[in-house]
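Work through the exercises below with the sequence and the coordinates at hand. Each task is followed by a stepwise solution.

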Amino acid sequence: MKKFNIRKVLDGFTAASSSSSSSASLQPGNRDNDVIQETLQSEHFQLCKTLRHGFPYQPSAMAFDPVQKILAIGTQSGALRLFGRAGVECYCQHESDSAIIQLQFLINEGALVSALADDSIHLWNLRQKIPAILHSLKFSRERITFFHLPFQSKWLYIGTERGNIHIVNVESFTLSGYVIMWNKAIELSSKTHPGPVVHISDNPMDEGKLLIGYECGFVVLWDLKSKKADYRYNYDEAIHSVAWHHEGKQFVCSHSDGTLTTWNIRSPAKPAQIITPHGKQPKDGKKPEPCKPILKVEYKTARAGDTFMILSGGLSYDSVGHRACLTVMHGKSTAVLEMDYPIVDFLALCETPYPNDYQDPYAVLVLLEKDLVLIDLEQPGYPSFENPYPLTIHESPVTCCEYFVDCPPDIIPALYSVGSRQKRQGYSKKEWPISGGNWGQGTQSYPEIIITGHADGSVKFWDASALMLQVLYKLKTAKLFERARSKEEKPSTDIVDEDPFAIQSLAWCPESRVLCIAGVSAHVIVYRFSKQELTTEEVQLLEVRMQCELNEVDSPDVAVEQASAVSTPGASSSPQSNAPQTHTSTSSNNSSDGLRDNVPCLRVRNAPLKQSPGYQVELIIQLVWVSGEPPQQITSLAVNSAYGLVAFGNGNGLAVVDFLQKTLLLNMSTAELYSSSDPHQKQPRSPRKAKQPSGDNLPKKSCMSGLSMFYSESVKKLRSSYLSLCDGSDGLVGSEDRCKSPTSGSGSPSHSDDETKQKFLERVKSKSKLISKSVANDFAKMSRKFSMAADQKQDGNVRLQHSLPGQKHAHDVEAVSRRKAATITKTQFVSKINARDNSFNRSRSSSVTSIDKESREVISSLHFCDCLSRKSEVSTAASLWMGTSLGTVLAISLNVPSTPEQRLQQTVGISFCGSLVRLKGGILCMAVLDLTGALQPPAYECWYDPNAPEEERERTRRRRPASPPSTQENQDSHYAVVCSEKQAKVVSLPSQNCVFEHNITENSFVLRADVVAMPAGVCIACFCANGHIMTLSLPSLRPLLDVNYLPLTDMRIARTFCFSNLGQALYLTSPTEIQRLTYSQETCDNLQEMLGELFTPVETPEAPNRGFFKGLFGGGAQSLDREDLFGELAAGKASRSLAQHIPGPGSMEGMKGAASGVVGELARARIALDERGQKLGELEERTAAMMASADSFSKHAHDVMLKYKDKKWYQL
């Protein structure tokens, strides 16, 4: 016989009733949608990248155009970054992710050649705003090690690992049949293979002579015309680089033993000079001790001064621990410049592009692993230039990021004025020499600000307006705390091993300029902006105990009484009356059993704090250790300037702090915030009680959370007895399972017997007639929990601390039942849950059910607003909405005193409203819309200087509330928009009916969601873990955009991705770079106008004057017709299997640019040749006409002669 289960029947009735109510709740939504005309359509959205800011991650190569003044940097991931003047930047990416090994500009041609580690070379057209590849050549049989493109030449020399040199026509990107084989180059001078080609360059004074450097130390001067080597130079040490003297008579080689060898081209037997710049010279004349390799050397001459020899590396081996250095040898002086990071490459910047002229270097550009440094060579001491690019994003690793668009117009000048005082001194007085390109002509003019939080506790404000990025102001939060000088002095209370001051999240109000940050050491700091300097004698400090345990838990009904207790302003027992603690009151306290207790993770400095103009600390809030357990990190943060409140939450619960009165308003666990009528409420808990101070310690005012301090011991016993039954376990979770849910695993069996449980269920059924049907469903579900708890086995991780007296169970349960019924009848809590919410049963999917069981409910999102949080309300009130990691949105009503005087004297009242709505997955964002569908921003207070005189402060201080119209009874006035990891819902208020619902994703989850304002309306923007970026209309939640943009490959993206208004978004694409993108069609259409231009028409400087005697005696530069040597007619065709030509993806615009600009000199020569041919043709026609005219004249002259030949003179 099949067993009948009454609980399944009850579940079926519950699901049916909820389903009917859910379907009915969708009816008003259709009518509302008819009233609200949504203007946003899918045509308003398009996704595209805009700009990438920051330092190129893992740089590998660099090039500079001395005429166009453009810098190119390549990276190990195939990325290419181009820089002109400040604000002119461009990002490109090779199709291959291989490292860029070398870059070289076609000087003043608007083109760039790149060589990659996958043995491919590419030609980039830079005459477009978005550069594109015109040609590619992929080598298949040999590996590329070095290439060289002479100035104003179309023939590219490519050296390979085998030691051969191939020649490529840059115009067509085809190989020439002319090849310099390694065995022909060295012939019998070496018995072994010379190794890869590490250097190629032509003689500055003779283009027909090619200098080839091999890794083994072999150098060959090759004659291109005769196809043989003129001279061969050999040194015992490996070569890293070679540099010419501009006269072409000498060259310098850098070697692996730290030596520099100088060679005269006509004296190959031995070097003219051997020096070891950093080697110790022995007194006995022996060879200096070997040093580290000199990786690169540059040999530059000056017209009116000594020669410059600049090198990297070459330090002595005994200089262990020294930083990387750049050595500048100018005449007899040697300067060693220490760098903060290893040197990747460097370039000496010169005015002339001609290698056969005096170079006159004016600066050295040094590319480091994490920085770009430009050194002035013309000023004593070699000062560096002030870098105008935003390359300091990674000065300390970025830990969080926020993006604010359409800010108040006065905020950027205010931040710049205080930030300009923070700039370093000692920079070069000259202008930044990389000044190529032109700014874009875009019309986007709204203020944009990016705020980045860093691992060292600093916060940076960036001006991101008009597709530019410039640092405005830097705030250092770590200066408020004491630092450990060494690891031994590191306090044992730290909960993180490294970066204890790192910023975890931040909240900013642009209108009031109030900033609130949360750190990884469970601390919150509130800042106010002031233009005046301030010296703070003692920083205001508030300590909060937030710790939940299973042995002391609060029932929801008592939590309601707690709420009513604190909602009365000015109550003598309220925690608002507690004065803020200062750092002197938090010495290291230990409990009686030796565990840390009431100890914060960081120590605030005792000395007076001098605060410069800018952001000044208002209040520090620290979570403290509780009986040996560290505080949990803060997971959500919100601040409101109009209310003067800051709220933060974590896995233990919620805390609300009044930063005007410096008091703690609320500190409760998540379960205590639930209404007692919530059917899926979590098992309630409360913070741990404060330990009694020992005799040695004076009693201190504790900021422990929880409102249990306001109740008598009898009430606490009642609550403990009641929750012992509900939880099915009565023990304390071990420290190793501190983050687990009380329902995870097998709990301890209840200490009450089955008879008591049955009596309790009977009383519940008898009382259910007096309360609402939803409450009866709650108790029915509770009865199922009891039966499951009785079958559970005892968990070894749960330690029993005490058992409840059995004789008090019945009395306690009966009292709790009466209290529960009376409380729910008295207070109107929201208990209506949609069918899908009820059937969801707390798990997002079967694959993550175990994860949900193992995690406690965390406050994941907070939002201050003015709305109707109760069904019975007819006028809006200040509220705080809380979203949890299990999909619940809870509401708290705030009674904020109206006038500024009352606000500083009276306390803020708090009352609990229960849950508003439930969704699948953790809550990510919340917002409020009015009846027209417009976004209702939170109330704010206009900025005023807190250090200004009182009369000026009162004149500027005023509150700007969001003022939606009041509603009549049974009429909704606005909408609540809630988005979670799985779905989005729109709920009408105050009826709390779900009018629209949309499941965003089934197989993935949303990482970031924001309600953003577009020019044509409001929408929800979402970024999913599978890489999709989506937008949903409001309030109907219609999908408007769904693009597979970027799969989640790094948690950095998930941590920093953020949307903003007007279709803007950004994320940290690498540890050093910010990628900005737009999802607005209007911005995409105007992007070409907004972007800057890299290439600008500039005349090439005139070639150096050869002089009369040099021209007369042949002492000047010798030119070479390379076409006759490398052309197909002279050299033949190259092997097809050597390399494959790949046409680039450049557009027609790029092809036109290639025809007119990439090989511009050759194109102009062709045009000139055509014009010359036309002129020659015209000359030929004129000559023919003159010859015809001459013949005609001769004929006429002959006829005249014949006519008058036989006549006498007198017959004429």
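**Exercise 1.** Is Arg 323 buried, partly exposed or exposed, by its relative accessible area?

*Solution.* The model is a predicted one. Start with the area: Arg 323 has a relative accessible area of 40%. Partly exposed covers the range between 20% and 50%. Arg 323 is therefore partly exposed.

**Exercise 2.** Find the salt-bridge partner of Arg 323 and place both residues in the chain.

*Solution.* Step one: the partner is Glu 338, with the closest N and O atoms 3.2 Å apart. Step two: the pair links distant parts of the chain, 15 residues apart. Arg 323 sits in the loop between strand 23 (308-313) and strand 24 (325-330), while Glu 338 belongs to strand 25 (residues 333-338). Step three: Glu 338 has 47% relative accessibility and so counts as partly exposed.

**Exercise 3.** Which residues are joined with Glu 89 into one salt-bridge network?

*Solution.* Shared partners connect Arg 52, Arg 81, Glu 89 and Glu 1073. Now take one pair from this network. Glu 89 and Arg 81 meet through their side chains at 3.2 Å, N to O. Both Glu 89 and Arg 81 are buried. Compare another pair: Lys 300 bridges to Glu 298, with 3.9 Å between the closest N and O atoms. Lys 300 and Glu 298 are buried as well. The whole structure holds 33 salt bridges.

**Exercise 4.** How many disulfides does the whole structure contain, and why does Cys 92 form no bond with Cys 90?

*Solution.* The search finds zero disulfides. Check the distance next. The closest cysteine sulfur to that of Cys 92 is in Cys 90, 4.0 Å away. The cut-off is 2.5 Å, so the pair is too far apart for a bond. Then check burial. Cys 92 is buried at 4% relative accessibility. Cys 253 is buried too, with a relative accessible area of 1%.

**Exercise 5.** Which residues gather in the surface patches of positive and negative charge?

*Solution.* The positive patch brings together Lys 476, Lys 479, Arg 483 and Arg 605. One of these, Lys 476, lies in strand 32 (residues 470-476). The negative patch consists of Asp 456, Asp 497, Glu 498 and Asp 499. Glu 498 lies in the loop between strand 32 and strand 33 (503-509). Its relative accessible area is 64%, so Glu 498 is exposed.

**Exercise 6.** Where are the prolines of the cis peptide bonds Leu 989 to Pro 990 and Leu 1034 to Pro 1035?

*Solution.* Take Leu 989 to Pro 990: omega is near 10°. Pro 990 falls in the loop between strand 56 (983-989) and strand 57 (993-999). Take Leu 1034 to Pro 1035: omega is near 5°. Pro 1035 falls in the loop between strand 60 (1028-1033) and strand 61 (1039-1044).

**Exercise 7.** What is the phi of Lys 69 and of Asn 108?

*Solution.* For Lys 69, phi is near 60°, a positive value in a residue other than glycine. Lys 69 lies in the loop between strand 2 (59-65) and strand 3 (70-75). Lys 69 is buried, at 17% relative accessibility. For Asn 108, phi is positive at about 60°, and again the residue is not a glycine. Asn 108 lies in the loop between strand 6 (100-106) and strand 7 (111-116). Asn 108 is buried, at 7%.

Methods: Residues numbered from 1 in each chain as written. Predicted model: local features only at pLDDT ≥ 70, side-chain atom pairs only at ≥ 80, totals over all residues. Heavy atoms only, no water. Patch = residues over 30% accessible without salt bridge, like charges linked within 9 Å, V, L, I, M, F, W, Y side chains within 5 Å. Areas by Shrake-Rupley, 256 points an atom, 1.4 Å probe, with all protein chains shown as cover. Salt bridge = Lys/Arg side-chain N within 4 Å of Asp/Glu carboxyl O. Lys, Arg positive; Asp, Glu negative; His and termini not counted. Charge placed at Lys NZ, Arg CZ, Asp CG, Glu CD. Helix = DSSP H or I, 4+ residues; strand = E, 2+ residues; numbered from the N terminus. Buried < 20%, exposed > 50% of the residue type's maximum accessible area, 1.4 Å probe, protein only.
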